[in-house]
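Biologist: Could you take a close look at one part of this protein for me, the cysteine chemistry, and then set it in the context of the whole chain? I would love a connected walk through it.

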Amino acid sequence: QVQLVESGGGLVQPGGSLRLSCAASGSIFSINAMDWYRQAPGKQRELVAGITSGGSTNYKDSVKGRFTISRDNAKNTVYLQMNSLKPEDTAVYYCNAQILTIGWSMYRDYWGQGTQVTVSS
């Protein structure tokens, strides 16, 4: 069994910063890509940023230059540093990871429970 546990969300004023963390635990053999998604009320879930096992990154256009995704492979953890936050960044943020578990022959998608980020004055 695998768990993804997110932390670091909260309420921040416009222009402020937050750092999200997502730690994977359980019977993990290998982790491929790790991503951050978000879902605002009434909107579809969208990809915010992603990072491969080799460290290649990609970002949604609206967060480029403000958000930075990184990972610590030794800790099975992915981070999202969010700077210059805007009200439109308000959403529930979810981490997603492609994980190969012990005893399986293919990678599967796992999701965290989500963490609320609210940007408001």
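**The disulfide and its surroundings**

Modeller: Happy to! A search of the whole structure turns up one disulfide. Please keep in mind as we go that this is a predicted model. The bond runs between cysteine 22 and cysteine 95, with an S to S distance of 1.9 Å. A pair of cysteine sulfurs counts as a disulfide when the two atoms lie within 2.5 Å. The pair ties together distant parts of the chain: cysteine 22 sits in strand β3 and cysteine 95 in strand β9, 73 residues apart. For your bookkeeping, strand β3 covers residues 18–26, while strand β9 covers residues 91–101. As for handedness, the torsion about the S-S bond of cysteine 22 and cysteine 95 is about 45°, so the disulfide is right-handed.

Next, how well are the two ends covered? Cysteine 22 has a relative accessible area of 1%, so this residue is buried, the cut-off being under 20%. Cysteine 95 is also buried, with a relative accessible area of 1%.

Now for the company that cysteine 22 keeps. Setting aside neighbours within four places in sequence, cysteine 22 contacts Leu4, Val5, Glu6, Trp36, Asn76, Thr77, Val78 and its disulfide partner Cys95. There is also a long-range approach to mention: the C-alpha atoms of cysteine 22 and glycine 112 are 7.6 Å apart, although 90 residues separate them along the chain.

Stepping back, the strands that hold the two cysteines belong to a protein with eleven strands and zero helices. Read along the sequence, the pattern is β-β-β-β-β-β-β-β-β-β-β. Links across the sequence show up in the contacts too: of those with a separation of 6 or more, 55% are between residues 24 or more positions apart.

What about the overall form? For 121 residues, a compact globule would have a radius of gyration near 14 Å, and the protein agrees because its own value is 14 Å. The C-alpha trace spans about 50 × 25 × 25 Å along its principal axes. The two buried cysteines are part of a wider picture in which 40% of the 121 residues count as buried.

Finally, a word on the outside. The accessible surface comes to about 6,400 Å², and carbon and sulfur atoms make up 47% of that. The protein carries 11 positive and 8 negative charges, and the mean positions of the two sets are 1 Å apart.

Methods:
Residues numbered from 1 in each chain as written. Predicted model: local features only at pLDDT ≥ 70, side-chain atom pairs only at ≥ 80, totals over all residues. Heavy atoms only, no water. Helix = DSSP H or I, 4+ residues; strand = E, 2+ residues; numbered from the N terminus. Rg over C-alpha atoms; globule rule 2.2 N^0.38 Å. Buried < 20%, exposed > 50% of the residue type's maximum accessible area, 1.4 Å probe, protein only. Contact = heavy atoms within 4.5 Å. Areas by Shrake-Rupley, 256 points an atom, 1.4 Å probe, with all protein chains shown as cover. Lys, Arg positive; Asp, Glu negative; His and termini not counted. Charge placed at Lys NZ, Arg CZ, Asp CG, Glu CD.
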